[in-house]
Amino acid sequence: MERVILHSDLNSFYASVECLKDPSLRDKPVAVGGDVESRHGIILTKNQLAKPFGVRVGQTIWEAKQCCPELVVVPPHFEEYRRLSRLVRDIYEEYTDQVEPFGIDEAWLDVTGSRALFGSGKEIADTLRGRIRKELGLTVSVGVSFNKVFAKLASDLKKPDATTEIPRESFREIVFPLPVTDLLFVGWSTAKKFRDYGVYTIGDLANTDIKLLRSWLGKAGEVLHAYANGWDLSPVAKVGSAEIVKSVGNSTTCPRDLRNNEDVRLVITMMAEEVSRRLREQGLQGKTVVLFLRDNNLKSWERQAPMKRFTNVCAEIAGEAYALFRKVYGWPTPLRGLGVRVTDLAPEGSAEQCMFFGEETHLRRASLDRAVDGVRKRFGEGSVRRALLMTDPQLAHLDPNIQSSLQNFTQAAANL
């Protein structure tokens, strides 16, 4: 039986919720932004009225104001977003038990087995749009197709408040002329690499020899080739199924620019401390450290390196991340933001070969970290602090727990 997959995307979700809370904003260009004073002043989302002015997600607030002087910027209200996201998903679950969140405002639905009750995929999509608009005052764009990748692509083609189909029999005519950047998981870096090799559209990617793609991108090249050709067979997860944790990370925008190695070492230590704590909480350890950097021109990039062993010890994660930083960054410009992430995860205590040298130091550090966890749990997060953090009160003012919460808000909301 041909699968029928929907991808539902709430239009300008944060901004739409703010307009619901304050109806006086409905006829104005509105954006939801971070805290300017703490330098988290970027645009998180904007409504349709702000779009023609060139206001973009990720843009700094002062840049957005230059594009649109009449722009109204309001702070985020995450609890309200969570509440409405939960109500939207309650509606989805009346039509299928296969609902897989993709962030707080998007979800895939497999309605293959629901058609006898509720009609075709397009009819179900139209019903969902009507109910969400009438019952919650929000609009949603829904894509209908035979796999998840094309359903997601379809929902992006017409906005706001639209249903778009990509059927199997005509997907090449619809999909192949589109820019390769429209395909799921083709980011800025991958798109640049494709352009260097003359791949500009999804059709170009679909018709490129898979051996070439493998030589350019490794396994990812094969996956993207399959996506472009409509060969995605990944299932839509059932409601309540546990999500596999693939990485644990933490990043922040700093209260001032980082200008030397000592600044970076301090912030890396703070980020690594929170990452290691969360790894221990979840009974996990990792083998690869990933370093995220953003300079004061807002250019961002990531680098990664394998660690000597699986670990969830703060000193080891911070040490590897700092060594990676020293290797890859030569200070062409000051840094505005920084993050540390650990991947290649395994359950804590998994069998692995012990290191001949350094095993005693590792065990001592692991024991110390757990002792500190216990003290903080009993007496509060500020009861024990590393001496390094006392060297710069301004940077030490960062709260890694808050940063972690904001960074992972969307991922957490997806599991509601």
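Reader: What makes 49% of the 416 residues of the protein count as buried?
Author: Buried means under 20% relative accessible area, with a 1.4 Å probe and protein chains only. Of the 416 residues, 49% count as buried. This is a predicted model: local features need pLDDT of at least 70, side-chain atom pairs count only at pLDDT 80 or more, and totals for chains, interfaces and linings use all residues. Residues are numbered from 1 along each chain as its sequence is written, and side-chain values use heavy atoms, leaving out hydrogens and water.

Reader: Why is the protein called as compact as a globular protein of that length?
Author: The radius of gyration is taken over C-alpha atoms, and the globule rule is 2.2 Å times the number of residues to the power 0.38. The rule gives 22 Å for 416 residues; the protein has 23 Å, which is close, so it is as compact as a globular protein of that length.

Reader: How do you know that Glu 100 and Lys 148 are joined by a polar contact?
Author: A polar contact is a pair of N or O atoms within 3.5 Å; within protein, one must be able to donate a hydrogen and the other to accept it, and residues adjacent in sequence count only if both atoms are side-chain atoms. The side chains of Glu 100 and Lys 148 make such a contact at 2.9 Å. A polar atom of the Glu 100 side chain also lies 2.9 Å from the backbone nitrogen of Ala 237.

Reader: Which residues does Glu 100 touch, not counting residues up to four places away in sequence?
Author: Contact means heavy atoms within 4.5 Å. Glu 100 touches Ala 107, Trp 108, Lys 148, Pro 235, Val 236 and Ala 237.

How values were computed
Buried < 20%, exposed > 50% of the residue type's maximum accessible area, 1.4 Å probe, protein only.
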